[in-house]
Amino acid sequence: MKDIVRQKLSINVEIMDMLNKQIEREAVSSSAYLAMASWCDHNGLVNSASFFYEQSAEEREHMLKIFKFINDNGGTAYAPEVKSVMHEFNSLEEIFETALDQEIEITKNIHNLVQKCRKLNDFTTEYFLQWFVNEQMEEEQLMRRVLELFDLMSDEPLKYIDERIPGIREE
């Protein structure tokens, strides 16, 4: 029987497993950002809510990008299961600190993937992952910029910080 896709598995199985785990991490990240957006909405922080809704959508796009890459290279991508996400926060600052920690963890995982690709001479996947390396650098910088607002405006009402959130992406 002819192979319908006309290609054999061109992705290393170990890398495919790691990418499927990254799909799950991106899904968890997307869900976590939705929970953060909900908290912000509930607390009347509309700009921060909008920021986190956008972050959630971006993480889902990242997940789908990896999902499609696996399938396009003869592998099998698996739909992730998200089990638990934190919904309770004490402050907006805590949310952004949690978001930064989350982005740092994603960055570490992307770097581990790149390192494994180099070890296995998987140049195609390494090249694909370079987009994520750059994206993670931007994501971490974005969260750090927001947290700088809390340091700079520590005596200001939370409303003023929330008003400045939309401009952070443009800086």
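**Stop 1: the largest nonpolar core**

Select Cys40, Phe52 and Phe96. In this predicted model, these three touch the most other members of the largest nonpolar core, a set of 25 residues. Now colour the helices that give two or more residues to this core: H1 (13-42), H2 (46-72), H3 (92-119), H4 and H5 (158-168). H4 gives the most, with 6 residues.

Center on Phe52. Beyond four places in sequence, Phe52 touches Tyr33, Met36, Ala37 and Cys40. Ile95, Phe96 and Ala99 complete the list of Phe52 contacts. Two of the starting residues, Cys40 and Phe96, are therefore partners of Phe52, on the 4.5 Å heavy-atom cut-off.

Apart from this core lies another one. Select Met63, Ile66, Ile106 and Leu113, which are among its 19 residues. As background, nonpolar side chains in soluble globular proteins tend to be buried together.

**Stop 2: Phe150 on H4**

Go to H4, residues 123-152, and pick Phe150. Is Phe150 buried or exposed? Phe150 counts as buried, because its relative accessibility is 7% and the cut-off for buried is under 20%.

Show the neighbours next. Leaving out residues up to four places away in sequence, Phe150 touches Leu92, Glu93, Phe96, Leu158 and Ile161. Phe96 is a name from the first stop, where it was listed with Cys40 and Phe52.

Draw a C-alpha to C-alpha distance from Phe150 to Glu93. It reads 6.9 Å, with the two positions 57 residues apart in sequence numbering.

**Stop 3: Glu126, also on H4**

Stay on H4 and move to Glu126. This acidic side chain belongs to a buried residue, because the relative accessible area of Glu126 is 12% and anything under 20% is classed as buried. Which residues does Glu126 touch, beyond four places in sequence? They are Val114, Cys117 and Arg118.

**Stop 4: the cysteines**

Cys117 is worth a click of its own. Cys117 is buried, with a relative accessible area of 0%. Return to Cys40: its relative accessible area is 0% too, and Cys40 is buried. How many disulfides are there? The count comes to 0, taking a pair of cysteine sulfur atoms within 2.5 Å as the test.

**Stop 5: Gln102 on H3**

Select Gln102, in helix H3. At 16% relative accessibility, Gln102 is buried. Outside its sequence neighbours within four places, Gln102 is in contact with Ser29, Ala32, Tyr33 and Met36. Tyr33 and Met36 have come up before: Phe52 touches both.

**Stop 6: the whole chain**

Zoom out and switch to cartoon. The chain has 5 helices and 0 strands. Along the sequence, the pattern reads α-α-α-α-α. Along the principal axes, the C-alpha trace spans about 70 × 25 × 25 Å.

Colour by burial. Of the 171 residues, 43% are buried. Then try a contact map. Among contacts with a separation of 6 or more, 75% join residues 24 or more positions apart.

Add the surface. The chain exposes about 10,000 Å². Carbon and sulfur atoms supply 51% of that area.

Finish with charge. Colour the 18 positive and 33 negative side chains. The centres of the two sets lie 11 Å apart.

Technical notes:
Residues are numbered from 1 along each chain as its sequence is written. This is a predicted model: local features need pLDDT of at least 70, side-chain atom pairs count only at pLDDT 80 or more; totals for chains, interfaces and linings use all residues. Side-chain values use heavy atoms; hydrogens and water are left out. Helices (H or I, at least four residues) and strands (E, at least two) are DSSP runs, numbered from the N terminus. Buried means under 20% relative accessible area, exposed over 50%, partly exposed in between (1.4 Å probe, protein chains only). A nonpolar core is a set of buried Ala, Val, Leu, Ile, Met, Phe, Trp, Tyr and Cys residues joined through side-chain atoms within 4.5 Å. Accessible areas come from the Shrake-Rupley method with a 1.4 Å probe; for residues, only the protein chains shown count as cover. Lys and Arg count as positive and Asp and Glu as negative; His and the chain ends are not counted. The place of a charge is taken as NZ of Lys, CZ of Arg, CG of Asp or CD of Glu.
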